[in-house]
Amino acid sequence: MPRIAVVADFPTPTWTARQLILALESLGATAIYLRPSEVIASIEGGTSRFLIAPTMSEIHIDGVLLRDLGTTVTIELLLR
């Protein structure tokens, strides 16, 4: 069963994010909601992993549906 993250920078999932989560679950996937400000990427010794702040617990995901990265990040800043 794939684990898919729905990523958006809102304290609680928006209506559209909730609809995506419900649709993914109806297709048999495990869907989780993540905020980009809470995701930490770690690369150590050739191994990459994703951690969730503030608990620093590791998360394993197979795919991402990116809704937005927050109000301060634009596509121009992302592609620089």
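A strand here is a DSSP run of E covering at least two residues, and strands are numbered from the N terminus. By that rule, Tyr33 sits in strand S2. The views below come from a predicted model.

**Figure 1. Overview of the fold, with two helices and six strands.** Reading from the N terminus, the elements follow the order β-α-β-β-β-β-β-α. The protein has 80 residues, of which 24% are buried. Its accessible surface is about 5,700 Å², and carbon and sulfur atoms account for 61% of that area. Take the contacts with a separation of 6 or more: 63% of them join residues 24 or more positions apart.

**Figure 2. Close-up of the open sheet with strand order S2-S1-S6.** This sheet has three strands, and their pairing is parallel. Strand S2 (30-34) and strand S6 (63-66) are the edge strands, each with pairing on one side only. From one strand to the next, the twist averages 25°. As a general reminder, the strands of a sheet pair through backbone hydrogen bonds, in either a parallel or an antiparallel way.

**Figure 3. Close-up of the pairing between S1 and S6.** Strand S1 spans residues 3-7, and four bridges link S1 to S6 in the parallel sense. If you would like one bridge to look for, start at Val6: its partner in S6 is Leu65.

**Figure 4. Close-up of the largest nonpolar core, made of nine residues.** The members are Ile4, Val6, Ala8, Ala17, Ile21, Leu24, Ala29, Ala31 and Tyr33. S1, helix H1 (15-26) and S2 each give two or more residues to this core. Helix H1 gives the most, with three residues. A second core, of six residues, lies apart from this one and includes Ala5, Ile32, Ile52 and Ile59. In soluble globular proteins, nonpolar side chains tend to be buried together. For a look at the packing around one core member, try Ala31: leaving out residues up to four places away in sequence, Ala31 touches Ile4, Ile21, Leu24 and Glu25.

**Figure 5. Close-up of Tyr33 and its neighbours in space.** With a relative accessible area of 19%, Tyr33 counts as buried because the cut-off is under 20%. Not counting residues up to four places away in sequence, Tyr33 touches Val6, Ala8, Asp9, Phe10, Thr12, Pro13, Ala17 and Ile21. Two backbone oxygens are worth finding in this view. One belongs to Phe10, and the side chain of Tyr33 reaches this oxygen at 3.0 Å. The other belongs to Ala8, and lies 3.2 Å from a polar atom of the Tyr33 side chain. For a link across the sequence, compare Tyr33 with Ile4: they are 29 residues apart along the chain, and their C-alpha atoms are 8.7 Å apart in space.

**Figure 6. Close-up of Ser42 in strand S3.** Strand S3 runs over residues 39-44. Ser42 has a relative accessible area of 10%, so this residue is buried. The side chain of Ser42 makes a polar contact with the side chain of Glu44, at 3.0 Å. Beyond residues up to four places away in sequence, Ser42 touches Thr47, Ser48, Arg49 and Leu51.

Conventions:
Residues numbered from 1 in each chain as written. Predicted model: local features only at pLDDT ≥ 70, side-chain atom pairs only at ≥ 80, totals over all residues. Heavy atoms only, no water. Pairing = 2+ DSSP bridges. Axes fitted to C-alpha atoms, helices over the stretch in contact; angles between N-to-C directions. Buried < 20%, exposed > 50% of the residue type's maximum accessible area, 1.4 Å probe, protein only. Contact = heavy atoms within 4.5 Å. Areas by Shrake-Rupley, 256 points an atom, 1.4 Å probe, with all protein chains shown as cover. Polar contact = N/O pair within 3.5 Å; in protein donor to acceptor, adjacent residues only side chain to side chain. Core = buried A, V, L, I, M, F, W, Y, C linked by side-chain atoms within 4.5 Å.
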